[in-house]
Amino acid sequence: MASQWFVKVSGAFKEVNEAFVKVSGNWKEIQEGYIKVSGAWKKFYQAFVATAFTTQTSTTTVTVPSGANAIHVRQAVGGGAAGVSGAEYDKSGGESGGTGGGSGAYVANQVFTVAEGETLTLTIGTPGTNSQQGSYPNYSAEGGNNTQLAGSSTGTLFTLGGGGGGGSSGGSSPNGSTRTNSASSGGTVSNLGTVLTSGTFKESDGSTVSIPSATSLVGGVITSYNQSGSGVAGVTGQNCGTDNCNQAGGNGGASYNGAVSGGSGNFGSTGGSGSQGSGGGGGGAQPQTAGGAGGTGEIVYRFLRVT
C-alpha cells in the first residue's frame, strides 16, 4: 500500500487493511484517510488496490504484500520441448525431418487465496534445448520443465508440466534404413488449487469490481476466466523417399490452447524456437539441421484483496 495505518488491539499494534465510517446510517468503506500536519494534509491510509502485473520468466520467491489475500494469475505455462534434429543419410534411399516439440500445460485468468506475508515460490519451467540426444541418426529431443506456484503456508496452487520431446528409432547410416520418427507430447496440469469464483476487489484506479465479471480478469493470451489445460504434441517428423531429397521438420506444438504458435519446422536452417511454453520446430534433412529450442515457461501475476 502507499501508506499504512495501525491501531492498538489488546496492547499490540495491528495494521488496518479495511476501514469503514457510518454515513447517514450506512457503513461506507474508507478509500483514503488524511490528517493535517503543520497545516498540510498528509495521507495516512489507503485501501488496498490491485498491484501491477509482473511477468516472471525465471525462478524466484516473492512475499505476499501487506493487505493482500489473493493472487491473480493472468497466465502461466510450463516449458516447451525442443524439436528433434533432422537426419541425412548416404545413399540410404531417404532423408528424415525431425519431430516438433510438445508445449507445456497452462492456466489462465485464475484467482487463488494466499496468506498475507507468506513466501511464494515461483518455479519457472526452463525449455528443452538439446535436439540431438542419443546417437546419429536416432536422435531424441530434450523436454521442457515444470512451472509451479507454491506458498509457504498455502501449499501448491498449481503444477504445469513441461512439454515432452519427440524421438526416433531404427535408422542406420551409411547405406542403411531411414529412421522411424515418434511423437512428442504436451504437458499436463496437476495440483490445481481452488479457484475463487466470487468476491470483490479494488482495481488500481480504486473502482470496486467483482469476480469473475471484472474485465481485468479476462485479459492476456486467453480471454475467459478460470481456464486450464494440457499442452499439445508437435507435428511428427516425416521421411522423404529418395537419396538427397529435401525434408522439412515438423512444427512445434502451440501453447495456451493454440494462442501461441510453436516454432516452425524448417528445411535448410535450424528449426524455429518456441515462445511462452510452445514447442521448438524440428530440423530438416539434406542438409541436416538441428531442431529449435522450446519456449521458456512463465507466470504473469498480480496481488489483490478479495472480500
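Contact here means heavy atoms within 4.5 Å. With that in hand, welcome to three close-up views of this predicted model.

**View 1. R74, a buried arginine in strand β9, and its surroundings.** Let us start with R74, which sits in strand β9, spanning residues 70-77. Setting aside neighbours within four places in sequence, R74 is in contact with F53, A108, N109, S216, G219, G220 and V300. Although R74 is buried, it has no salt bridge. E203 is the nearest side chain of opposite charge, and it lies 7.9 Å away. A salt bridge would need a side-chain nitrogen within 4 Å of a carboxyl oxygen.

**View 2. Strand β13 with its partners β12 and β14.** Next comes strand β13, residues 147-151, which is mostly covered, with four of its five residues buried. On one side of the pairing list is β12 (residues 119-123), which runs antiparallel to β13 and is joined to it by four bridges. Look for L120 here, standing opposite G151 of β13. Strand β14 (residues 155-160) is also antiparallel to β13, and five bridges join the two. One pair to find is L149 with its bridge partner F158 in β14. Three residues lie between β13 and β14, and the two strands form a hairpin.

**View 3. The disulfide between C240 and C245.** Our last stop is the one disulfide that the structure holds. It joins C240 to C245, with an S to S distance of 1.9 Å. The torsion about this S-S bond is about 85°, so the disulfide is right-handed. C240 is buried, with a relative accessible area of 13%, and C245 is buried too, at 12%.

Definitions and conventions:
Residues numbered from 1 in each chain as written. Predicted model: local features only at pLDDT ≥ 70, side-chain atom pairs only at ≥ 80, totals over all residues. Heavy atoms only, no water. Disulfide = S-S within 2.5 Å. Buried < 20%, exposed > 50% of the residue type's maximum accessible area, 1.4 Å probe, protein only. Lys, Arg positive; Asp, Glu negative; His and termini not counted. Pairing = 2+ DSSP bridges.
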